[in-house]
Amino acid sequence: MTDTSTAPLTGKVAVVTGSGQGLGLAYAQELARQGAAVVINDVNQETADRAVASIAEAGGQAVAVVAPVGTTEAATALVEGAVTAFGRLDILVTNAGVLRDKSLLKMTDEDFDVVVQVHLRGTFTCVREAYRHFKDNKVAGRIITIGSPTGQYGTFGQTNYAAAKAGIVGMVRTWALEMERAGVTANAVIPVAATAMTETIPFFRSAVEADRRGEPMPDFFRKELGFGNADDVAGLIAYLASDDAAGINGQVLGAGGDRLQVFSHPRPVVTEYRDGGWTFEALRAEFPRIIEGHLQPVGETLPPLPEELQPESATEKA
Ligand SMILES: NC(=O)c1ccc[n+]([C@@H]2O[C@H](COP(=O)([O-])OP(=O)(O)OC[C@H]3O[C@@H](n4cnc5c(N)ncnc54)[C@H](O)[C@@H]3O)[C@@H](O)[C@H]2O)c1
């Protein structure tokens, strides 16, 4: 059993959305291990109850609030759930998510709306209600949102998810400015880990299978790709929630496997001026010179998978 009486997050209360399984569950368990009382949220009662039990068994404190995030009602229920069970709220992790991957012409309005509803609107509504609570109660709260490599680089077949995840990072930059005076921080974490969301991707197969066998994932995954299991990301979430991270605001931090990254915010890489502005004719004459050497890469460039880690070889080994 964990002794949480002297742990760094003792006395703090956290809400983690979508924490019945996967990364959210690992975040909730780590926050509890560091002393926080946790509100588990998911769409399924049984999953949420199992998550609560896992925290209780480890000596932590947790309750479940089952509600599909995306609406103001769900956001309010989560803040109220924290206050009713534990008397306060200090930390919000907006992790709930779904995928509806399709290339653009196959993507329906519904595919787009569902993903935006859960990730983007879910983050917006939950953060708004948590921040209201922080301000009203003078809490130096912590907002930790969850982005994705897709929101940073773009990924084929993920128009809806890219919109939502890039939007979350855009909101974080704005919230860092709005919340600073209240002593509240807002950051985004870009995780990569083996979960239900990623374990069917053939590229990651040999790592997922090693993990299932209880073996360490190959170094190539943990280092080159920053791909490990959910627990590898959880330390950063707890750190950002702690008093140690009071000066970390508006940042976008990548975590996975053995890797930790600080992402830059977009900045112009070239700035040129022309008296009278940039007419079509002026651009025709000047733009090839201006852009030369500055075309920005699109998409994430992954190193090639070594021969012995190809999915076919993994199947033979398993
Ligand atoms: N796994 C990765 O490598 C990876 C990479 C980048 C970003 N992410 C992000 O991390 C988060 C967690 O992903 P995961 O990999 O653990 O996936 P997961 O599918 O294992 O977990 C997502 C959880 O969210 C819950 N959920 C879905 N809709 C919900 C709603 N409306 N309200 C409350 N809960 C809801 C699901 O039931 C599930 O328990 C997501 O935001 C995902 O986009 C994951």
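## The sheet

Eight strands form an open sheet in this predicted model, in the order β3-β2-β1-β4-β5-β6-β9-β10 and with mixed pairing. Strands here are DSSP E runs of at least two residues, helices are H or I runs of at least four, and both are numbered from the N terminus. Two strands pair if DSSP finds at least two bridges between them. At the edges are β3 (61-66) and β10 (259-262), each of which pairs on one side only. From one strand to the next, the twist averages 20°.

Strands β4 (residues 91-94) and β5 (residues 142-146) are paired in the parallel sense over four bridges. Leu-92 has Ile-143 of β5 as its bridge partner.

## Helices on the sheet

Helix α1 packs on the sheet and touches β1 (13-16), β2, β3, β4 and β6 (185-191); contact means C-beta atoms, placed from the backbone, within 7 Å. The direction of α1 makes about 175° with that of β1. Helix α6 (residues 159-179) also packs on the sheet, touching β5, β6 and β9 (252-256), and its direction makes about 155° with that of β6. Axes are lines fitted to C-alpha atoms, for helices over the stretch in contact, and angles run from 0 to 180 degrees between N-to-C directions.

## Around the ligand

The ligand has 28 residues around it, of which Gly-18, Gly-22, Gly-97, Thr-195 and Met-197 come nearest; a residue counts if its C-beta atom, placed from the backbone, lies within 6 Å. Two or more residues of this shell come from each of α1 (22-33), β2 (37-42) and α4 (109-136). Helix α1 gives the most, with three residues.

## Basis

Residues are numbered from 1 along each chain as its sequence is written. Because the model is predicted, local features need pLDDT of at least 70 and side-chain atom pairs count only at pLDDT 80 or more, while totals for chains, interfaces and linings use all residues.

Methods. Two residues are in contact if their C-beta atoms, placed from the backbone, lie within 7 Å.
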